[in-house]
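Trainee: Before we look at any detail, could you show me how to read a strand in its surroundings, starting from the whole and working inwards?

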Amino acid sequence: MTHPIRLLIADDHQMMRDGLRAILAREGNIEVVGEAACGHEAVELGCALSPTVVIMDIGMPRLNGIEATRRLLLHAPAVRVVMLSMHGNNEYLRRALRAGARGYLLKQSAGRNVVKAVNAAARGKRYLDPQLADGVAEEYLNDLPGPAEPTPLESLSSREREVLQLVVEGYSSKRIGELAHLSPKTVETYRARIMRKLGLHTLTALIRFAIEHGMAGG
């Protein structure tokens, strides 16, 4: 008898976690071993529970699913991640797969496709949501060679991307410092450095950049 697929569900919405658990609990070869409500918790539980597959919501607050995936795979490279998102555009998909995700599911069709995605990921295969445009799927189904130069967002450090997300979510420098264990002055230094690296001069431009590059979304 083969071992069951150990699954961790990471999503900041309890109803979404409950729905996915209900669907997957009917599968005899899948065992849900844990749930995470934020990106930080997903990394911690992913390292502690050694799941086979993690279903990772892309739009979690404080630490989004893409950054959580990157951190998790740094410490637990054998884990396979299936990203869950409202967005089917190239930028979100490219960033998710560049971070190491093996699958990409759209939330509106996850109920129909989540079992296929989890089983494919457990076998080390890629799974892209069938609703994605054919051209997008063909471009990303094969292993990504990696760009010669990093994108503007990829030129930021992991810490800078974390601070950027908190800035975009509207937290004050004081609150960001509390959440990220930094002094408010250090947060301001990070913020200035981020804007300098990205060539941006206003908070509005920074928010627009974050949305366009998949830093904000469900």
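Mentor: We begin with the overall make-up and then turn to one strand and its partners. Please keep in mind throughout that this is a predicted model.

Trainee: How many helices and strands does the protein have, and what share of its residues counts as buried?

Mentor: The secondary structure comes to 10 helices and 6 strands, and of the 218 residues 49% count as buried. The accessible surface is about 10,400 Å², with 54% of that area belonging to carbon and sulfur atoms. Among contacts between residues at least 6 apart in sequence, 63% join residues at least 24 apart.

Trainee: Why is strand 1 described as largely enclosed by the rest of the structure?

Mentor: Burial here means under 20% relative accessible area. In strand 1, which covers residues 5-10, 5 of the 6 residues are buried, so the strand is largely enclosed by the rest of the structure.

Trainee: Which strands pair with strand 1, and over how many bridges?

Mentor: Strand 1 runs parallel to strand 2, residues 30-36, and 6 bridges join the two. Strand 1 also pairs in the parallel sense with strand 3, residues 53-57, over 4 bridges. Ile9 lets you follow both pairings at a single residue, since its bridge partner in strand 2 is Glu35 and its bridge partner in strand 3 is Ile55.

Trainee: What handedness does the unit made by strand 1, helix 1 and strand 2 have?

Mentor: Strand 1, helix 1 (residues 14-25) and strand 2 form a β-α-β unit that is right-handed.

Note on methods: Residues are numbered from 1 along each chain as its sequence is written. This is a predicted model: local features need pLDDT of at least 70, side-chain atom pairs count only at pLDDT 80 or more; totals for chains, interfaces and linings use all residues. Side-chain values use heavy atoms; hydrogens and water are left out. Buried means under 20% relative accessible area, exposed over 50%, partly exposed in between (1.4 Å probe, protein chains only). Two strands pair if DSSP finds at least two bridges between them. A crossover is right-handed if, with the strands pointing away from the viewer, the path from the first strand over the helix to the second runs clockwise. Contact means heavy atoms within 4.5 Å. Accessible areas come from the Shrake-Rupley method with a 1.4 Å probe; for residues, only the protein chains shown count as cover.
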